[in-house]
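Let's walk through this protein–DNA model together. Have a look at the sequence and the coordinates before reading on.

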Amino acid sequence: MRFDALRRRLSQLEDAKESPAGIIRRADLKAGNILMTKQVRTNMRKRIGTVPGVEIGDIFFFRMEMCLLGLHAPSMAGIDYMSVRNDLEEEPLAVSIVSSGYYDDDAEDKDVLIYSGQGGAANKDKGATDQKLERGNLALERSLRRGNEVRVIRGMKDSVNQVSKVYLYDGLFRIQESWVEKAKSGCNIFKYKLARIPGQPDAFGVWKSIEKWREGLSSRAGLILPDITSGAESMPVALVNDVDEEKGPAYFTYVSTVKYSKSFKLTQPAYGCNCRNACQPGNLNCSCIRKNEGNFPYTANGVLVCRAPMIHECGPTCPCFPNCKNRASQTGLKARLEVFKTKDRGWGLRSWDSFRAGTFICEYAGEVIEKVSQVGEEGDGYVFDTSHVYESFKWNYEPGLVEEDGSIEAIEEPNVPSPLVISSKNVGNVARFMNHSCYPNVFWQPIMYENNNESFIHIAFFAMRHIPPMTELTFDYGKSRSGEAAADGGSTSRGRRKCLCGAPICRGYFG
DNA sequence: GCAAAATCACTGCG
DNA sequence: CCGCAGTGATTTTG
C-alpha cells in the first residue's frame, strides 16, 4: 500500500507538470524504482509456495506491486523461477506465473489453467518464432517433473475501468502435463496444464460467479430485490439474503445525496472556479485547485491521492464540464454494490466489482440533524457523527502525505464543523448499511463544493486499500471525543456498543 | 552489461 | 463516449 500511496503522489506531481505530447508517464515504474532502491520490499528471497503476508484472493493493479511483495519478482515476464539444488545438479523450478491474456491461455475454468510458455511472440522487429525450452519454459518443465507448488496470478480486465488490469492471486497449483502445439502463427508453443490444489478458499471462482450473475446466466441465490434504490442511483443495488429468512431492512426513503434543511448554519458563502472545460492539474488560476493548497486531489484516472482535512471539489455552478476530474464524488455509483445479510451484524454492504485504493465508493446520504435534540437516535446505527473522529481518523488511508522521495508527512484531522451529524434513519442511501470495523477497508472524507453560492459539506467514502469483490465494506465509526458517548445519562442501548468486527486489533467497543 | 520478458499510459480510429 | 489496436519508453533479472 505504501507503493500505491507513492504512485498516486507521483501521478499527481506528474499530472501537474506541463506535459509535452508524447511523454509517457509511468508513475508505477517510478514508484517501484524508488522503493526498490530504498529496499522497501518484502520476501526478497524467492520461495516455493505461500508468500507471507499475501492471501489468496488479494488483488493488485500493477506488476510492480507484486514485485515489491515478493509474490512475483519479474517486472514483465510471466514466469518466475529460481534455481534449486537437487541430488545431482542445480535446476530451475517455477515459483509463480501470471496469466494475463498476452498469450492464448485457456483460463476459463477456476480449477484448471492451460498456460502458454514464454517467448516467440511477434513484435515490430521480427515475426513469430518457435518457443525454446529455456528460461521459464524449462523451469515449468522441471516443475512438472518435481511436482512443486506454483503460485498462480490471474490478470483480468478491471470490470469498472476496462482499460486497466487487475491481478488476482488465486493460490497454489500443480503442473499436470505439458505439450507442444502449433499457435495461430504456425510456430510451436509450449502448453502447460495446471490444476488448483484442493482445499484452498475460492478466489477466481468468486469472480466467475459474479460474471455469471452479471450476464444473467445464473440467478443470484437469496436475491430479494434487484434494486433497493428504485432507480435513484446510476447502478442498481441488489438486496440479498442467503443466511436466514429476513425479507429486508425496515423501510426508509432512498436519496442519493445529503440533505441540508434551511435552518443550518454550516454552510458558508462561496464561489466556484472560472475554468472553461476541465480544470487542469497544476493550473493555479483555478480557484478550486487553490483551495486544495495547489494540489489536484485526484489522479488522472480519478483516484484520491491522499486523505486531507477537507477536499474542495468543483460544484454544480462551476463552469467547467461535468467530466472535470475534480468532481469524483459527484458522479454517482460506479460499482455494482449489494446489500446483504451478514451472519451476526445485521445488514451489510459489499461489491461485485473490485476497488483500487483511493476509489470513490459512495456518499453518506441522509438528513443533517441537530445532535442534541435527536440524540436518542444514536443507538440504531443510522447516524454519522463527525465528532467521532478520534479513533477513526487514526486509521489513515496512508500514514500521511507521501513525498516524491517516498518519505511521509503527517496529516491533520478532518476540518469539519463539529458536530456535523447526518441521520439516515428515515432518509438515506447504501452507505447506511455499511458496518463498523476496527480494521476497516473504507474511510470517510469530508468534501466541500459550492451550489447556489453556498458551500455544502458532504461525507464521501473511499477505498482505503485494494478491495477484492464480495468483501464486506466497513469503516471505523470512531469514538466520541468525550470518551463517553452516553454522557447525557442515557440508557445503555445507545452510546458505546459491543464490537463484533473480529479484527485482531478490535477495540471491543465503538460509538 | 546486454538481451529477454511484456507492461501501461496514451493516442487515434471507428 | 465506448472499446480496440497501435506505439513507445520502460523495469528487473539472469
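What follows covers the DNA contacts, then a strand pair, the pockets and the annotated domains. Keep in mind that this is a predicted model.

**DNA strand B**

Let's start with the DNA. DNA strand B has 16 residues around it, and the closest are Arg 25, Met 76, Ser 100, Tyr 103 and Tyr 167. What part of this strand does the protein come up against? Sugar and phosphate make up 72% of the atoms of DNA strand B that come within 4 Å of the protein. Sorted by class, the surface near DNA strand B holds six nonpolar, four polar and six charged residues.

Two side chains and one backbone reach the phosphates here. The side chain of Arg 25 has an N or O atom 2.6 Å from a phosphate oxygen of DNA strand B, and the side chain of Ser 100 has one at 2.8 Å from a phosphate oxygen of that strand. Arg 63 does this with its backbone: an N or O atom there sits 3.0 Å from a phosphate oxygen of DNA strand B.

**DNA strand C**

Now for DNA strand C. It is surrounded by 13 residues, and Lys 46, Ser 75, Met 76, Lys 157 and Gln 162 are the closest. Of the atoms of DNA strand C that come within 4 Å of the protein, 71% belong to sugar and phosphate. The surface near DNA strand C splits into six nonpolar, three polar and four charged residues. Helix H2 supplies the largest share of that surface, with three residues.

Which atom of DNA strand C does Ser 75 approach? A polar side-chain atom of Ser 75 lies 2.7 Å from a base oxygen. On the phosphate side, Lys 46 has a polar side-chain atom 3.1 Å from a phosphate oxygen of DNA strand C, and an N or O atom in the side chain of Arg 41 is 3.5 Å from a phosphate oxygen.

Here are the contacts side by side:

| Residue | Part of the residue | DNA atom | Distance |
|---|---|---|---|
| Arg 25 | side chain | phosphate oxygen, strand B | 2.6 Å |
| Arg 63 | backbone | phosphate oxygen, strand B | 3.0 Å |
| Ser 100 | side chain | phosphate oxygen, strand B | 2.8 Å |
| Arg 41 | side chain | phosphate oxygen, strand C | 3.5 Å |
| Lys 46 | side chain | phosphate oxygen, strand C | 3.1 Å |
| Ser 75 | side chain | base oxygen, strand C | 2.7 Å |

**A strand pair**

Next, a piece of sheet. Strand S2 (residues 79–85) pairs with S3 in the antiparallel sense, over seven bridges. The hairpin from S2 to S3 runs through four residues. To find one of the bridges, look at Asp 80, whose partner in S3 is Ser 96.

**The pockets**

On to the empty space. The second largest pocket has a volume of about 770 Å³. It is lined by 31 residues, with Arg 63, Ser 75, Met 76, Lys 165 and Tyr 167 nearest its centre. Elements giving two or more residues to this lining are H2 (27–37), H3, S3 (90–99), S4 (112–116) and S6 (165–182). By class, the lining has 13 nonpolar, 11 polar and seven charged residues. Arg 63 also turned up above, with its backbone contact to DNA strand B, and so did Ser 75, through its base contact on DNA strand C.

The largest pocket holds about 990 Å³ of space. Its lining has 37 residues, and Gly 53, Asp 58, Ile 59, Arg 465 and His 466 lie nearest the centre. Helices H1 (2–16), H3 (63–69) and H5 (204–215), along with strand S1 (59–60), each give two or more residues to the lining. The lining divides into 22 nonpolar, seven polar and eight charged residues.

**Annotated domains**

Finally, the record. UniProt, in an unreviewed entry, lists "domain: YDG" at residues 49–196. That span is 13% helix and 41% strand, with its end C-alpha atoms 13 Å apart. The unreviewed UniProt annotation "domain: Pre-SET" covers residues 271–332. Residues 271–332 are 8% helix and 3% strand, and the end C-alpha atoms lie 23 Å apart.

Terms used: Residues numbered from 1 in each chain as written. Chains lettered and ligands numbered in written order. Predicted model: local features only at pLDDT ≥ 70, side-chain atom pairs only at ≥ 80, totals over all residues. Heavy atoms only, no water. 1 Å grid on protein atoms, 1.4 Å probe; cavity = no way out; pocket = protein on both sides within 12 Å on 5 of 7 lines; lining within 4 Å. Points joined across faces, edges and corners; volume = space filled by probe spheres on them. Nonpolar A, V, L, I, M, F, W, Y, C, P; charged D, E, K, R; others polar. Near = heavy atom within 4 Å. Polar contact = N/O pair within 3.5 Å; in protein donor to acceptor, adjacent residues only side chain to side chain. UniProt positions renumbered as here; feature names shortened; annotations may be inferred. Pairing = 2+ DSSP bridges.
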